[in-house]
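Here are a few short exercises to work through with the model open on your screen. Try each task before you read its solution.

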Amino acid sequence: MTNYRDLAQAKAGAALQEFLDERGPALAQLLERLLADGQDPDALLDGTFESLVPLWRCSAALEFKEGQEAAGSAAKLGGEPMLARDV
């Protein structure tokens, strides 16, 4: 795991910029996933603390659903689903 306090200033700045550059595409992907699941992104992403719990529940449910679909696809192909720990 990278400890950003140990990076040189230029490398830390580059890592921060890379993180910031990923935020827009990540938000677009989240919006797409919410809409595909029939959720209201405006309600789940209203910027309030109170919206975090419903957003987290929805996100966890989507991850679970996608995991189940991946497991089902792998079973149909005679294999097992790949887990993060297998990478």
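## Exercise 1: Aspartate 37

Aspartate 37 is found in the loop between α1 and α2 (41-44). The model is a predicted one. Your task: decide whether aspartate 37 is buried, exposed or partly exposed, and find which residues aspartate 37 touches beyond four places in sequence.

Solution. Start with the relative accessible area, which is 26% for aspartate 37. Buried would need a value under 20% and exposed a value over 50%, so aspartate 37, at 26%, counts as partly exposed. Next, look for contacts, leaving out residues up to four places away in sequence: aspartate 37 touches Leu62 and Lys65. Finally, check a C-alpha distance: aspartate 37 and cysteine 58 are 21 residues apart along the chain, and their C-alpha atoms are separated by 9.3 Å.

## Exercise 2: Serine 51

Your task: work out where serine 51 sits and whether serine 51 is buried or exposed.

Solution. First place the residue: serine 51 belongs to the loop between α2 and α3. Then take its relative accessible area, 7%. The cut-off for buried is under 20%, so serine 51 is buried. As for contacts, serine 51 touches Ala43, Leu44 and Asp46, again not counting residues up to four places away in sequence.

## Exercise 3: The nonpolar core

Your task: list the residues of the largest nonpolar core and name the helix that gives the largest share of this core.

Solution. The largest nonpolar core has five members: Leu34, Leu44, Leu55, Cys58 and Leu62. Helix α3 (residues 52-76) supplies three residues, the largest share of this core. Now zoom in on leucine 55: apart from neighbours within four places in sequence, leucine 55 is in contact with Leu34, Leu44 and Leu45. For the chain overall, buried residues amount to 9% of the 87 residues.

## Exercise 4: Fold and confidence

Your task: describe the order of the elements and find which of them has the lowest mean pLDDT.

Solution. Count the elements: the chain has three helices and zero strands, and from the N terminus on they run α-α-α. Then turn to confidence. The chain averages a pLDDT of 81, and 80% of the residues score at least 70. Among the elements, α3 has the lowest mean pLDDT, 79, while helix α1 (residues 9-36) has the highest, 91. One reminder for reading any such model: where pLDDT is low, the predicted coordinates should not be read in detail.

Notes
Residues are numbered from 1 along each chain as its sequence is written. This is a predicted model: local features need pLDDT of at least 70, side-chain atom pairs count only at pLDDT 80 or more; totals for chains, interfaces and linings use all residues. Side-chain values use heavy atoms; hydrogens and water are left out. A nonpolar core is a set of buried Ala, Val, Leu, Ile, Met, Phe, Trp, Tyr and Cys residues joined through side-chain atoms within 4.5 Å. Buried means under 20% relative accessible area, exposed over 50%, partly exposed in between (1.4 Å probe, protein chains only). Helices (H or I, at least four residues) and strands (E, at least two) are DSSP runs, numbered from the N terminus. Contact means heavy atoms within 4.5 Å. pLDDT is the predictor's confidence in each residue, from 0 to 100.
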